[in-house]
Amino acid sequence: MKIYEAIKNDHDIQRNLCDKIVNTSGASTERKKLWEELQKELEVHEVAEERYFYSPLIDTDKMQEDARHGMAEHHEMDELIKELNDTEMSSPHWLATLQKLVAKVKHHLKDEEEDFFKKAKSVYSEEEADSLAKGYEATVDKYRKTWPNSIPGND
C-alpha cells in the first residue's frame, strides 16, 4: 500500500463520521459518541499525516507551499475542535462551529486527494510511498489505541 491509499482510507472514515454527526441534535448520546470518534480520527490522522506525508515534503521546492498549507489547515481544525470542546453541545453555536469544521475537513480532504497526492507522486518514489505508508499506518494504529493521551499537546 502507498501513503496515498493509507491516507485516503482514513479520509473515508472522516467523511462518514462528518456526514453522520451533522444529522444529530442536542447533547444526544449519538452526537456525543460520534463527536468522540470524529475528534479521535481527526487528531490521530493529523499527527500521522504530518509526520509521514507533510514533513518529508517541507524540504522540497515542489511541495513546500502545499505542505505548509495542509499543516495550516490542520491547525485551523484544531482550533475548531477546541472551540467545540469548550461549547455546550446542545447550543446553536456548537452546531454552527461543527458545520465550519465539517466544511474545513471536506475542503482539506479534497485538496489532498485532487491536488497534493498527484504532486507528491512526482516527489516520492514507489518505495518511499510504500515505506511512508507503513510508518503512517503503524502510528495511526498505535495512537488510536492510546488516544487522547498519545496526541502531542494532550497530556
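**Aromatic pairs, a cavity and a cis proline**

Reader: How many aromatic pairs does a search of the whole structure find?

Author: Seven. Keep in mind that this is a predicted model.

Reader: Take F53 and F117. Why is the pair edge-to-face?

Author: Look at the angle. The planes of F53 and F117 stand at 80 degrees, and over 60 counts as edge-to-face. The ring centres are 5.5 Å apart.

Reader: Where in the chain do F53 and F117 sit?

Author: In distant parts of the chain, which the pair links. F53 belongs to helix α2 and F117 to helix α4, with their positions 64 residues apart in the numbering.

Reader: F53, buried or exposed?

Author: Buried, at a relative accessible area of 0%.

Reader: And F117, buried or exposed?

Author: F117 is also buried. Its relative accessibility is 6%, and the cut-off for buried is under 20%.

Reader: What about Y54 and F116? What kind of aromatic pair do they form?

Author: An edge-to-face one. Centre to centre, Y54 and F116 are 6.3 Å apart, with 80 degrees between the planes.

Reader: Which helices hold Y54 and F116?

Author: Y54 is in helix α2, F116 in helix α4. That pair too links distant parts of the chain, 62 residues apart.

Reader: How accessible is Y54, and is it buried or exposed?

Author: Y54 has 0% relative accessibility, so it counts as buried. F116 is buried as well, with a relative accessible area of 2%.

Reader: Which residues do ring pairs link into a cluster?

Author: Y4, F53, Y54, F116, F117 and Y124.

Reader: What sits over the ring of Y4?

Author: The charged end of K121, 5.2 Å from the ring centre.

Reader: New topic, empty space. How many cavities of 30 Å³ or more does the structure hold?

Author: One. The largest cavity has about 60 Å³ of space.

Reader: Which residues line the largest cavity?

Author: The lining is Q14, L42, H45, E46, H74, M77, D78, I81, H108 and L109. Elements giving two or more of these residues are α2 (29-58), α3 (64-85) and α4 (92-120).

Reader: Which element gives the largest share of that lining?

Author: α3, with four residues.

Reader: How do the lining residues divide into nonpolar, polar and charged?

Author: Four are nonpolar, four polar and two charged.

Reader: On to the prolines. Where is P148 placed?

Author: In the segment after α5. The peptide bond leading into P148 from W147 is cis, with omega near 5 degrees.

Reader: What does Q39 contact, leaving aside neighbours within four places in sequence?

Author: W147 is one of the contacts of Q39, along with I81 and N85. I81 also appears in the lining of the largest cavity.

Reader: Where does Q39 lie?

Author: In helix α2. Q39 counts as buried, at 11% relative accessibility.

Reader: And P152, buried or exposed?

Author: Exposed, with a relative accessible area of 53%. P152 is in the segment after α5 (126-146).

Reader: What does P152 touch, not counting residues up to four places away?

Author: V47 and Y143.

Reader: How far apart are P152 and E43, in sequence and in space?

Author: 109 residues apart in sequence. In space, P152 and E43 are 9.5 Å apart, C-alpha to C-alpha.

Technical notes. Residues numbered from 1 in each chain as written. Predicted model: local features only at pLDDT ≥ 70, side-chain atom pairs only at ≥ 80, totals over all residues. Heavy atoms only, no water. 1 Å grid on protein atoms, 1.4 Å probe; cavity = no way out; pocket = protein on both sides within 12 Å on 5 of 7 lines; lining within 4 Å. Points joined across faces, edges and corners; volume = space filled by probe spheres on them. Nonpolar A, V, L, I, M, F, W, Y, C, P; charged D, E, K, R; others polar. Phe/Tyr/Trp six-rings, centres within 6.5 Å; stacked < 30°, edge-to-face > 60°. Buried < 20%, exposed > 50% of the residue type's maximum accessible area, 1.4 Å probe, protein only. Lys NZ or Arg CZ within 6 Å of the ring centre and 35° of its normal. Contact = heavy atoms within 4.5 Å.
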